Amino acid sequence: MTSMKIIDKIQKKKESNTPFYSFEYFPPKTMEGVQNLYDRLGRMLLFEPLFIDITWGAGGSTSALTLEIAEKAQNVCGLETMMHLTCTNMPVSEIIYALDKAKSTGIRNILALRGDPPRGEEWKKIEGGFAYAADLVRFIREKYGDYFCISVAGYPEGHSDCVSKEEDIRYLKEKVDAGADFIITQLFYDCDIFCEFVEKCRSVGINCPIIPGIMPIQTYAGFVRMTTLSKTKVPQYIMDNLEPIKDNDEEVKKYGVRLCVEMSKRLLDFGVEGLHFYTLNLERSVRKVLKGLQLVTPDQLSPFLPWAQSAAGNRLKEEVRPIFWQNRPRSYIARTGSWDEFPNGRWGDYRSPAFGDLSDYHLGGVTPPPGGSANNNTTTTTTGDSVVVPNIYGDSPQSEQDVYNVFASYCSGNIKRLPWNDSPLSLESENIKEQLVFLNKNGFLTINSQPAINGLPSTDKQHGWGGKNGIVYKKAYIEFFASPENTLKLIEYFKKCPMITYHAVNRKGDSKTNTKGTNAVTWGIFPGKEIIQPTVVDHNSFMVWKDEAFALWETQWSSTYSPSSTSRTLLDSMINNYYLINIVDNNFINGNIFQSFTDLVNNLSSPVLSSSSNGIQSSTTSNTASI
Ligand SMILES: Cc1cc2nc3c(=O)[nH]c(=O)nc-3n(C[C@H](O)[C@H](O)[C@H](O)COP(=O)(O)OP(=O)(O)OC[C@H]3O[C@@H](n4cnc5c(N)ncnc54)[C@H](O)[C@@H]3O)c2cc1C
Ligand SMILES: NC(=O)c1ccc[n+]([C@@H]2O[C@H](COP(=O)([O-])OP(=O)(O)OC[C@H]3O[C@@H](n4cnc5c(N)ncnc54)[C@H](O)[C@@H]3O)[C@@H](O)[C@H]2O)c1
């Protein structure tokens, strides 16, 4: 395909008086995700977007992949592609490399950005790099003349670093004056704010197209977390509309589509040339919005009917939902690809194209603060170390038992968050709270769990999911850190428990497991549907998650102490030695996942005779509920 400048394409659309739309994608985290993104790009090609664009990971973390995907999208998929390029950590030589590479592969469109800082850091200009997007635009024009069409970012609510909206608009004008051809805005949910922004831009002489960035709401939790972290204004009526349906994922998605259609109509009436969709690598909602706006024909939609997908053999792979990320909102937002196809899915499938990296600029570059940064104090410990005390986790730990007590305090509700858990235990854990406290006090440091459920109404307040008239099931699941000694003892114990499956891995990657397969841990039966299996435990995802899990321990907790402090040394040693383990009790009818821990604490090295050991004996269990 001969590539074209997007600004010329916009001009042509304007002449024919037809609105356009475009789709943003990000580089998926895994190679399987990348492969599936290509499939998805191929399918979305049928919608005939004016262009697509590929983001540049925070701090250049995805630069090679961004270049590769942009090239394939342009040359293999035949999509007009715009590559994002940021200044973060980029010396001029690397900027030239990226632009030369783009040029040599036929890409003619660049979104020039300052970029967000790498996770957990403040933005800094590097030696020999650029400080602002305007400098990058100027540089591209100087070195490449008119070859590239350049777009830049605009912020209807003002950029998070800016002193005032007026000043931000002045800097936006500087980018346009430096040679930018058009503007794409940050997402927003209040159209009035966008319209005022455009009017202010026009009043200071910004005359180029200003394209609104739109993100369909995919899940209630994701939406609330994302808009809170990025401080995006949400009109009250949207929150009021979501309130009664917030527990019904399918309804939330449908509302997200309706809202997007309404917003898009308003924006088109206002006179925007086109709509830019933040797809999060998902296709279903965007497809429905385009259908709602009558911008696509039935022919363009038909290949996406369920039977066509099934014939392509994609169904099985799209049903996989690893459980590990359930407590991580940022990962959760970036990786909820699976929710697209299965409204009850919890966490990203590592093979899904929507399985992304942690850095999501839609959060406005906001990284949740480490453990106590919001309320840190410097103090001197009994050992004389001067440390920053993360109040949020209590006093600085001096022994492993102190660390155990922090985890236990979280489960008993005295500490509100842990590095892996942004909010307190959920209602789902109420009946197993005491057992979790016991585990943690004894050195099994839990970060995730679910109790066994043997058939409860899908509307059950504590355990239900997925809307009305269903029946839901869960296998008991616990994920925790444990010392190498405790890990070995547990593994020995599990040799006599055929119904227990586990995966254990330390930071270095030494892994132990008694299972290879993908294990369904949550499923539901709904009228007129096949079994819905939203959550699985899966080895490959676990291995990806373990890097994040150990990194969180370090970045959110141990690194908040000074390097020579006792607490830092202690935590670092635990991080380097402990195993991350998940166990599933496959006997969801009468298993007792906590038995093994009680036995170990009581120095019993194997089960006496429990339901988990033979899989058939019935016992009274405190963690199983039935209809
Ligand atoms: C459509 C879109 C796509 C994006 N894609 C990515 C991506 O792929 N990867 C990524 O990491 N991030 C991305 N971002 C996020 C963006 O990189 C961040 O918001 C970043 O913090 C600002 O980038 P910018 O290009 O808007 O910066 P700039 O325009 O340089 O502005 C940055 C800040 O500096 C201020 N400023 C500008 N010029 C001056 C000056 N001369 N003196 C003083 N202050 C000044 C501005 O008011 C603003 O507060 C995207 C944002 C949008 C809206
Ligand atoms: N619960 C389900 O099976 C299910 C299924 C489909 C969809 N959903 C939807 O997914 C979203 C989130 O669901 P969720 O309830 O599973 O998410 P969650 O984040 O509340 O789940 C994490 C689970 O781990 C527990 N946990 C957290 N920290 C822990 C720790 N340190 N030690 C031990 N356990 C800990 C929590 O109490 C909770 O039970 C909701 O919108 C929900 O409707 C849930």
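How many bridges pair strand 5 with strand 6, and in which sense? Select residues 149-154 for strand 5 and residues 182-187 for strand 6: the two pair in the parallel sense over 4 bridges. The model on screen is predicted.

**The barrel**

Show the strands as a cartoon. Strand 5 and strand 6 belong to a closed barrel of 8 strands with parallel pairing, in the order 1-2-3-4-5-6-7-8. From one strand to the next, the twist averages 30 degrees.

**Strand 6 and its partners**

Keep strand 6 selected and display its residues. Of its 6 residues, 6 are buried, and the strand is mostly covered. On the side of strand 5, pick serine 151; its bridge partner in strand 6 is phenylalanine 182. Then pick valine 152, whose bridge partner in strand 6 is isoleucine 183.

Now add residues 210-214, which form strand 7. Strand 6 pairs with strand 7 in the parallel sense, here over 3 bridges. To find a facing pair, select leucine 187 and glycine 213: the glycine, in strand 7, stands opposite the leucine.

**The crossovers**

Which helix joins strand 5 and strand 6 in a β-α-β unit? Select residues 165-177, helix 6; with strand 5 and strand 6 this helix makes a right-handed β-α-β unit. Go on to residues 191-203, helix 7, which makes a right-handed β-α-β unit with strand 6 and strand 7.

**Two helices across the strands**

Next, select helix 3, residues 63-75. Helix 3 lies across strand 2 (51-54) and strand 3 (81-86), and its direction is at about 165 degrees to strand 3. Then move to helix 5, residues 133-144. Helix 5 lies across strand 3, strand 4 (109-113) and strand 5, running at about 145 degrees to strand 4.

**The ligand**

Finally, centre the view on ligand 1 and show the residues around it. There are 25 of them, and those that come nearest are Trp56, His84, Tyr155, Asp168 and Lys175. Among these, Asp168 lies within the range of helix 6, residues 165-177.

Which atoms of ligand 1 should be picked for the polar contacts? Three pairs can be checked with the distance tool:

- Tryptophan 56: a backbone N or O atom lies 2.6 Å from a nitrogen atom of the ligand.
- Aspartate 168: an N or O atom in the side chain is 2.6 Å from an oxygen atom of the ligand.
- Arginine 114: an N or O atom in the side chain is 2.8 Å from an oxygen atom of the ligand.

Methods
Residues are numbered from 1 along each chain as its sequence is written. Chains are lettered from A and ligands numbered from 1 in the order in which they are written. This is a predicted model: local features need pLDDT of at least 70, side-chain atom pairs count only at pLDDT 80 or more; totals for chains, interfaces and linings use all residues. Side-chain values use heavy atoms; hydrogens and water are left out. Two strands pair if DSSP finds at least two bridges between them. Axes are lines fitted to C-alpha atoms, for helices over the stretch in contact, and angles run from 0 to 180 degrees between N-to-C directions. Contact means heavy atoms within 4.5 Å. Buried means under 20% relative accessible area, exposed over 50%, partly exposed in between (1.4 Å probe, protein chains only). A crossover is right-handed if, with the strands pointing away from the viewer, the path from the first strand over the helix to the second runs clockwise. A residue is near a molecule or strand if one of its heavy atoms lies within 4 Å of it. A polar contact is a pair of N or O atoms within 3.5 Å; within protein, one must be able to donate a hydrogen and the other to accept it, and residues adjacent in sequence count only if both atoms are side-chain atoms.
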